[in-house]
Amino acid sequence: MAEASDSPLVLLHRPPSLTFMDEILNRNFRILNADTSSEPLPIFLDRHASSVRAFVVVGRLPITAEILSHLPSLQILICTSVGINHVDLAECMRRGIAVTNARNAFSDDVADFAVGLLLSVLRRIPTGDRYVRSGDWEKLGGFPLGSKVSGKRVGIVGFGSIGSVIAKRLEGFDCVISYNSRSEKPSIPYRYFPDILSLAANNDVLVLCCSLTEQTHHIVNREVMESLGKDGVIINVGRGSLIDEKEMIKCLVDGVIGGAGLDVFENEPAVPEELLRLDNVVLSPHSAVATQGSLDNVTEITLANLKAFFSNQPLLFQVQFD
């Protein structure tokens, strides 16, 4: 094994709590951790990172053109998230910086979580838990009816690595699957709807797992929710801003839709007070990816991409610029 001083230098930028890949990166590379310095990030980068060619970003910390301007030698940006809307891709393209993402590292766990949210909303599992713990079952007796999961018509918005796994899971419940994505996928046996409005009108449930772009921002608006209907349920394991959150709250309160299971929100970690009071909503702290298995997967992908980059081999999951 090469001496530490001979190992390639890699810049690491992560929230203080996300240390899960520190040890393995330190075993293989010289790591320059931008988050252990008391200096402001731009000053730290100017002083220590001008020669850095590889940059690993853990989580969804913003990577702006201003930050990139302090990294004149940068050639690759490795993101540990699937979504990359926190990165200035136009600047990366202009500079010729390769960008990779986590692609399918989280697919199984996010799909499992989406199904868990759907079960929780329709069968009222968290509400039932509170009912028992509070003593209301003993005092008040019967609990309100839930809704059947099996056979539900489920429309999936975004049919990539996560959406396809969600569909596979829901087939076990005899759900009728359809989908909307940027284009129809001829090899997929499910019905395709070219727009989300028609998808909502023909389904009982909408599951959101598409990426957040200018085109998908507030893709679920009041008109979509009205099309989904009073018994309809929305599950969001994508990004909070896929939904017009204020309109969703009104629709939930007024009975325009029947419920929601939300792992993501528009202004995380702030969650609107109105949502906290609704029993037809299941809330989760953006934790669909939070398993050891997912962390192991993304660490493996990150390490493989760094090794590939420094040995001039093809990268895994390189983002293709439009």
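User: How do the residues lining the second largest pocket split up by class?
Analyst: Quick heads-up: this is a predicted model, so local features need pLDDT of at least 70 and side-chain atom pairs count only at pLDDT 80 or more, while totals for chains, interfaces and linings use all residues. Residues are numbered from 1 along each chain as its sequence is written, and side-chain values use heavy atoms, with hydrogens and water left out. Ala, Val, Leu, Ile, Met, Phe, Trp, Tyr, Cys and Pro count as nonpolar, Asp, Glu, Lys and Arg as charged, and the others, Gly among them, as polar. Sorted that way, the lining has 5 nonpolar, 7 polar and 5 charged residues.

User: Which residues lie closest to the centre of the second largest pocket?
Analyst: A pocket is an open set of points on a 1 Å grid over the protein atoms alone, with protein on both sides within 12 Å along at least five of seven lines, and lining residues have an atom within 4 Å of a point. The volume here is about 340 Å³, where volume is the space filled by probe spheres set on points joined across faces, edges and corners. There are 17 lining residues, and the closest to the centre are Phe265, Asn267, Glu268, Pro269 and His286.

User: What about the largest cavity: what is its volume?
Analyst: A cavity is a set of grid points where a 1.4 Å probe fits but cannot get out. Its lining includes Asn236, Ile243, Met248 and Phe265, and by class the lining divides into 5 nonpolar, 2 polar and 2 charged. The volume is about 30 Å³.

User: Is isoleucine 63 buried or exposed?
Analyst: You'll find isoleucine 63 in the loop between strand S3 (54-57) and helix H3 (65-68); helices (H or I, at least four residues) and strands (E, at least two) are DSSP runs, numbered from the N terminus. Not counting residues up to four places away in sequence, isoleucine 63 touches His13, Phe55, Val57, Leu68, Leu77, His86, Val87 and Asp88, where contact means heavy atoms within 4.5 Å. Buried means under 20% relative accessible area, exposed over 50%, and partly exposed in between (1.4 Å probe, protein chains only). Because its relative accessible area is 1%, isoleucine 63 is buried.

User: Which helix gives the most residues to the largest nonpolar core?
Analyst: A nonpolar core is a set of buried Ala, Val, Leu, Ile, Met, Phe, Trp, Tyr and Cys residues joined through side-chain atoms within 4.5 Å. The largest one has 50 residues, and Ile156, Ile166 and Ile235 have the most contacts inside it. The top contributor, with 8 residues, is helix H5 (residues 107-122).

User: How far apart are the C-alpha atoms of glycine 238 and leucine 208?
Analyst: Glycine 238 sits in the loop between strand S10 (233-236) and H11, and counts as buried at 6% relative accessibility. Beyond its neighbours within four places in sequence, glycine 238 contacts Leu208, Cys209, Cys210 and Val264. Glycine 238 and leucine 208 are 30 residues apart along the chain, but their C-alpha atoms are separated by 5.6 Å.

User: How far is the sulfur of cysteine 79 from the closest cysteine sulfur?
Analyst: A disulfide is a pair of cysteine sulfur atoms within 2.5 Å, and this structure holds 0 of them. Cysteine 79 is buried, with a relative accessible area of 2%. The closest cysteine sulfur, in cysteine 92, is too far for a bond, at 7.7 Å.
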